[in-house]
Amino acid sequence: MRIPVSRRAVALATAACVATAGTVAGPASANARTRTTHPAGGRGTLAAAPARLGVLSAEQTRTALGKAGFGRSAVRYGVELDRLVYRTVDAEGRPTIASGLVVLPRGGDRRPRLVSFTHGTQSYKEDAPSIGEDDFSAAPAMTFGAAGFAAVTPDYLGLGKGPGTHPWMDVPSETTASLDMLRAARAFMAGRGRTPQRRVLVTGFSQGASAALGLARALQDGADPWYRLGAVAPISGAYAFRDVELPAVLAGREIPPKLGVAYTTYLLVSWNRLHHLYDAPGQVFRAPYADKVERLFDGTTPGQEMLAALPDDLDHLLTAHGLDLLRHPSGAFAAALRVADATCTGWVPRVPARLYYATGDEQAVTANTDRCRAAFRASGADLRTIDLGPIDHQGSRHLGTAVTGTAAIVDWFSRLPA
């Protein structure tokens, strides 16, 4: 979970999770949604003229990355930043729009390698990477762009310029939003006289780690006729939500209690919209929070205001029924958690793949990566895990993995054969 520390200092970006859209379904149905055809004017087409957000020289890019706390050693080019608004589908498969950030190097290859970076969770629309107010959110794409890659970062549904609320932890809609963003980026780049290479290098942080695995799986399964999977490298995901992440939240030791409160509220509110976990907030949330939670997580409340409006521990947040729901999941909640824990199961990457993490992460606890690696190994893939070391950012080991992981993956992607 991220408490943003850059100039807007808002929202929350959590250690990632997975859920489904509409009815609970397994990975096959999630991938099936990505195969929806996209005729002219359909999925992946631009819904508005691109919005130029900035043009930076290489030196200006180094300065911006330094202010965001990111490394500058990989900067070779200045960058151009644009927001795309494109057509996609919502969590029920209905037509909608979403937005995202594209960062292109100024100069360099006219057929650049393409990187998809899926960001950590945010609760406030204005913190999305394409809005341009949160340096931390845009910094990974800027890092890749300045290294010579074409970088895309979808805002996800309901964030940035997207309508409605964000279906948090819904890998199927994260996957479709990411895939359609790639399609929109290809059309946008054609207008700039560039064509992306077909093999996509996929990475993401926190919530975006699971989103990255969803996109990677869809690309490998042939969800798009143009793009192929080139490599995958998620950072600090909560891949075992029921068996690792949720127990850590309940224990309140590895994950600070206040962050656990924010996690839990966002989880229950978002999953209720997707899976109908309760009839009224008062069934699971205590007063006075039952009357606040929908507003706090509808995308209109800045992150610091959201945190200030929530209690400091779960006992003050949840009713006895709410606590029991977390301790003993059943019904739709248990089914959704089974899907959440299937992120690393049932498929084998046929491309270079690594899992990045840090021992002592206070939000995506280390055992998540252990479980993910074990799941891939059970399917026949022994993925290498990379411990990013004890480097914190703004006092957070979790945020430190975003910074150090981005630098490490830029280096690794640059060394892979084109």
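Me: Happy to look at this predicted model with you. Which helix does Thr401 lie in?
Reply: Let's place the residue by its number. The helix in question covers residues 397-415, and Thr401 falls within that stretch. That makes the answer helix α14.

Me: Is Thr401 buried or exposed?
Reply: A residue counts as buried under 20% relative accessible area and as exposed over 50%. Thr401 has a relative accessible area of 1%, so the residue is buried.

Me: And which residues does Thr401 touch, not counting residues up to four places away in sequence?
Reply: Good follow-up! Leaving out those close sequence neighbours, the list includes Thr406, which lies in the chain after Thr401. The others come before Thr401 in the numbering. In full, the residues touched are Phe205, Ile235, Ser236, Tyr357, Ala358, Asp361, Leu388 and Thr406.

Me: How many residues of helix α3 are buried?
Reply: Helix α3 spans residues 135-146 and is mostly covered. Among the buried residues are Asp135, Phe136, Pro140, Met142 and Phe144. Ser137 and Thr143 are buried too. The count for α3 is 12 of 12.

Me: Which residue with a positive phi follows α3?
Reply: Just look past the end of the helix. The residue there has a phi near 110°. It is Gly148.

Me: Which cysteines form the disulfide?
Reply: The structure holds 1 disulfide, so there is a single pair to find. A pair of cysteine sulfur atoms within 2.5 Å counts as a disulfide. Here the sulfur atoms are 2.0 Å apart, and the partners are Cys344 and Cys372.

Me: How many residues apart are Cys344 and Cys372?
Reply: The pair links distant parts of the chain. Cys344 sits in the loop between α12 (331-340) and β8 (354-357), while Cys372 belongs to helix α13 (residues 367-379). Their separation is 28 residues.

Me: What is the handedness of the disulfide between Cys344 and Cys372?
Reply: The torsion about the S-S bond gives this away. For Cys344 and Cys372 that torsion is about -95°, so the disulfide is left-handed.

Me: Are the two cysteines buried or exposed?
Reply: Cys344 has a relative accessible area of 3%. For Cys372 the relative accessibility is 1%. Buried means under 20%, so Cys344 and Cys372 are both buried.

Me: Stepping back, what share of the chain's residues is buried?
Reply: The chain has 14 helices and 9 strands, and its accessible surface comes to about 14400 Å². Carbon and sulfur atoms account for 50% of that surface. Of the 418 residues in the chain, the buried share is 63%.

Methods. Residues are numbered from 1 along each chain as its sequence is written. This is a predicted model: local features need pLDDT of at least 70, side-chain atom pairs count only at pLDDT 80 or more; totals for chains, interfaces and linings use all residues. Side-chain values use heavy atoms; hydrogens and water are left out. Helices (H or I, at least four residues) and strands (E, at least two) are DSSP runs, numbered from the N terminus. Buried means under 20% relative accessible area, exposed over 50%, partly exposed in between (1.4 Å probe, protein chains only). Accessible areas come from the Shrake-Rupley method with a 1.4 Å probe; for residues, only the protein chains shown count as cover. Contact means heavy atoms within 4.5 Å.
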